[in-house]
Amino acid sequence: TRAALRIAVNDFTASLELAKRRAPFLNTAVTVCPSSDGINCTDTPYELGWIVRTGPQANAANQVILQDVLPRQNFRLDTTNPANRRFTFLQNGRLASNFNGATLEACPADAGYASRTRMLTINRTGQITFSTPGACTI
């Protein structure tokens, strides 16, 4: 359980970094969003999978999938505010202007391991900080 959480947090962080680096390189917006089908952004928790794709729209017709992360088991991973589920980096490598920060939690499925919950806080500039809140709120 501990290793699965660590891997998921590392993978999600790597996806954000990929989006941040690829947006200027491709000269287009790049979005990280949950995806239960590996093609479209969906309103599902991140543990059901996520994608990194070009374009800011929910399901852009000309999008290019840069990364498809498969579903994970034995933990939950989602934002504490469902309105902040998508992370769009613009051509300058910064988050979209309407982004005000977000918090994600990676929580063990077994409540007995709640103290191992990891929290990722993403600020307006895209900086990620980590903490261990000791309890899951999602």
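**A guided tour, from Thr137 to the cavity**

Select Thr137 to start: this residue is exposed, with a relative accessible area of 60%. Keep in mind as you click that this is a predicted model. Thr137 sits in the segment that follows E8. Leaving aside residues up to four places away in sequence, Thr137 touches Thr80 and Glu105, so show those side chains too. For a sense of scale, draw a distance from Thr137 to Arg124: the two are 13 residues apart in sequence, and their C-alpha atoms are 22 Å apart in space.

**Next stop: the sheet**

Glu105 leads us onward. Across from Glu105 stands Met119 in E7. Now select residues 102-108, which make up strand E6, together with residues 118-122, strand E7; these two pair in the antiparallel sense over 5 bridges.

Widen the selection to the whole sheet. It is an open sheet of 4 strands, in the order E4-E6-E7-E8, with antiparallel pairing. At its edges are strand E4 (75-79) and strand E8 (128-131), each of which pairs on one side only. Neighbouring strands here are turned by 15 degrees against each other on average, if direction is ignored.

With the sheet still coloured, bring in H1. This helix packs on the sheet and touches E4, E6, E7 and E8. Look along E7 and compare: the direction of H1 makes about 10 degrees with that of E7.

**Then: the cavity**

How many cavities of 30 Å³ or more does the structure hold? There is 1, and about 40 Å³ of space lies inside the largest cavity. To find it, select the lining residues: Leu16, Glu17, Lys20, Phe89, Ile122, Gly126 and Ile128. Helix H1 (residues 2-26) gives the largest share of this lining, with 3 residues. Colour the lining by class and you should get 4 nonpolar, 1 polar and 2 charged residues.

**Last stop: Ala96**

Finally, select Ala96, in the loop between strand E5 (87-89) and E6. Is Ala96 buried or exposed? Its relative accessible area is 14%, so Ala96 counts as buried, since the cut-off for buried is under 20%. Show its contacts next: not counting residues up to four places away in sequence, Ala96 touches Thr88, Leu90 and Arg124. You may recognise Arg124 as the far end of the distance drawn from Thr137.

One more distance rounds off the tour. Ala96 and Thr31 are 65 residues apart in sequence, while their C-alpha atoms are 9.8 Å apart in space.

Terms used
Residues numbered from 1 in each chain as written. Predicted model: local features only at pLDDT ≥ 70, side-chain atom pairs only at ≥ 80, totals over all residues. Heavy atoms only, no water. 1 Å grid on protein atoms, 1.4 Å probe; cavity = no way out; pocket = protein on both sides within 12 Å on 5 of 7 lines; lining within 4 Å. Points joined across faces, edges and corners; volume = space filled by probe spheres on them. Nonpolar A, V, L, I, M, F, W, Y, C, P; charged D, E, K, R; others polar. Pairing = 2+ DSSP bridges. Axes fitted to C-alpha atoms, helices over the stretch in contact; angles between N-to-C directions. Contact = heavy atoms within 4.5 Å. Buried < 20%, exposed > 50% of the residue type's maximum accessible area, 1.4 Å probe, protein only.
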